[in-house]
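Me: I should like a close look at the central part of this protein, with its interior, its sheet and what packs around them. Please give one connected account, written for someone who works at the bench.

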Amino acid sequence: MQKNDLALEKKWLRQEAAKIISNFPSSALKEASGKITVQVLSSPLYRQAASLFVYVSTEQEPDTCAIMEDAWKAGKAVYVPKCSGQGRMDAVRVFGWDDLAPGAYGVPEPVGAPADGLLPAIDLAVVPCVSATAEGKRLGHGAGYYDRFLRAHPMPRLCLCFHALLLTDLPTDQLDAPMDAVITEEGTFSS
């Protein structure tokens with residue numbers, strides 16, 4: 001598939017996903033998020049992780065608040081994304097909600113700066129998506145932040161996806177970072 005064709009197909013899929021999710025009442029999304037959270041918290045990858053890189057969810061994504069709360073209570077090191085110019089995303093450790101403020105794209109980000117030097121090893125990434133497949137293909141929002149970050153910092157990856165947005169296939173190229181597992185409210189799919 002040509003690069004332009006791939007970009008157009010991904011753009012169309014993002015638009016279709018937005019239409020699908022906009023038809024769900026917030027109560028249904030909240031219920032689905034709760035089921036996804038239960039599966040994440042019972043996942044061996046999560047239970048064994050001492051450190052976690054996790055996105056701060058928006059209304060249209062599976063909620064990560066309870067995951068972050070559980071990780072803090074369990075004494076896990078919690079890192080969240082901080083986006084900067086030139087498509088760069090860093091992982092910054094946060095110790096509670098007070099360490100976050102609205103940032104790029106209106107999504108809460110760490111108020112602190114990324115640590116100088118190498119990022120410590122992180123045991124697990126919890127990654128958002130627009131859509132995904134059971135085989136671990138992921139469609140992001142299109143800026144490439146997560147793909148670049150995950151290629152530079154290899155770690156196990158869980159993608160959280162509402163089941164209505166789980167597709168049988170997605171167009172990808174060598175720049176798209178595959179997921180180790182995709183968790184929906186209806187189950188966990190390992191690649």
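Reply: The account starts from the interior. In this predicted model, the largest nonpolar core comprises 54 residues. Within that core, the residues with the most contacts are Leu52, Phe53, Met68, Val78, Val80, Leu150 and Leu160. Strand S2 gives the most to this core, contributing 5 residues. In soluble globular proteins, nonpolar side chains tend to be buried together.

The sheet comes next. An open sheet is formed by 7 strands in the order S3-S2-S1-S6-S9-S11-S12, with mixed pairing. Its edges are strand S3 (88-94) and strand S12 (187-190), each of which pairs on one side only. On average, neighbouring strands of this sheet are turned by 25° against each other, direction ignored.

Strand S6, residues 124-127, pairs with strand S9, residues 157-160, in the parallel sense over 3 bridges. In this pairing, Ala125 of one strand stands opposite Arg157 in S9. Helix H2, residues 26-42, packs on the sheet and touches S9, strand S11 (181-184) and S12. The direction of H2 makes about 140° with that of S11. Helix H4, residues 65-73, lies across strand S1 (51-54), strand S2 (77-84), S3 and S9. H4 runs at about 130° to S2.

Val127 gives a view from within S6. With a relative accessibility of 0%, Val127 counts as buried. Leaving out residues up to four places away in sequence, Val127 touches Tyr55, Arg138, Tyr146, Leu150, Leu158, Cys159, Leu160 and Met179. Two of these contacts, Leu150 and Leu160, also belong to the residues with the most contacts inside the largest nonpolar core. Val127 and Phe53 are separated by 74 residues in sequence, yet their C-alpha atoms are 8.2 Å apart in space.

From S9 the sheet continues to S11. These two strands run parallel and are joined by 3 bridges. Leu160 stands opposite Ile183 in S11. In a regular strand the side chains alternate between the two faces of the sheet. Both faces of S11 are covered: Ala181 and Ile183 are buried on one side, and Val182 and Thr184 are buried on the other.

S11 then pairs with S12 in the antiparallel sense, over 4 bridges. The two strands form a hairpin with 2 residues between them. Thr184 of S11 stands opposite Gly187 in S12.

Two serines show further packing in this part. Ser33 lies in helix H2. Its relative accessible area is 6%, so Ser33 is buried. Apart from residues up to four places away in sequence, Ser33 touches Glu61, Pro62, Asp63 and Phe162.

Ser57 is found in the loop between S1 and H4. It is also buried, with a relative accessible area of 15%. Its side chain is joined to that of Asp63 by a polar contact of 3.2 Å. In addition, a polar atom of the Ser57 side chain lies 3.1 Å from the backbone nitrogen of Thr64. When neighbours within four places in sequence are left aside, Ser57 is in contact with Pro62, Asp63, Thr64 and Cys65. Pro62 and Asp63 therefore appear among the contacts of Ser33 and of Ser57.

The cysteines complete the picture. A search of the whole structure finds 0 disulfides. The cut-off for a disulfide is a pair of cysteine sulfur atoms within 2.5 Å. For Cys65, the closest cysteine sulfur is that of Cys129, 17 Å away, and this is too far for a bond. Cys65 has a relative accessibility of 32% and so counts as partly exposed. Cys159 is likewise in no disulfide. Its nearest cysteine sulfur, in Cys129, is 3.6 Å away. Cys159 is buried, with a relative accessible area of 0%, and is among the residues that Val127 touches.

Technical notes: Residues are numbered from 1 along each chain as its sequence is written. This is a predicted model: local features need pLDDT of at least 70, side-chain atom pairs count only at pLDDT 80 or more; totals for chains, interfaces and linings use all residues. Side-chain values use heavy atoms; hydrogens and water are left out. Buried means under 20% relative accessible area, exposed over 50%, partly exposed in between (1.4 Å probe, protein chains only). Two strands pair if DSSP finds at least two bridges between them. Axes are lines fitted to C-alpha atoms, for helices over the stretch in contact, and angles run from 0 to 180 degrees between N-to-C directions. Contact means heavy atoms within 4.5 Å. A polar contact is a pair of N or O atoms within 3.5 Å; within protein, one must be able to donate a hydrogen and the other to accept it, and residues adjacent in sequence count only if both atoms are side-chain atoms. A nonpolar core is a set of buried Ala, Val, Leu, Ile, Met, Phe, Trp, Tyr and Cys residues joined through side-chain atoms within 4.5 Å.
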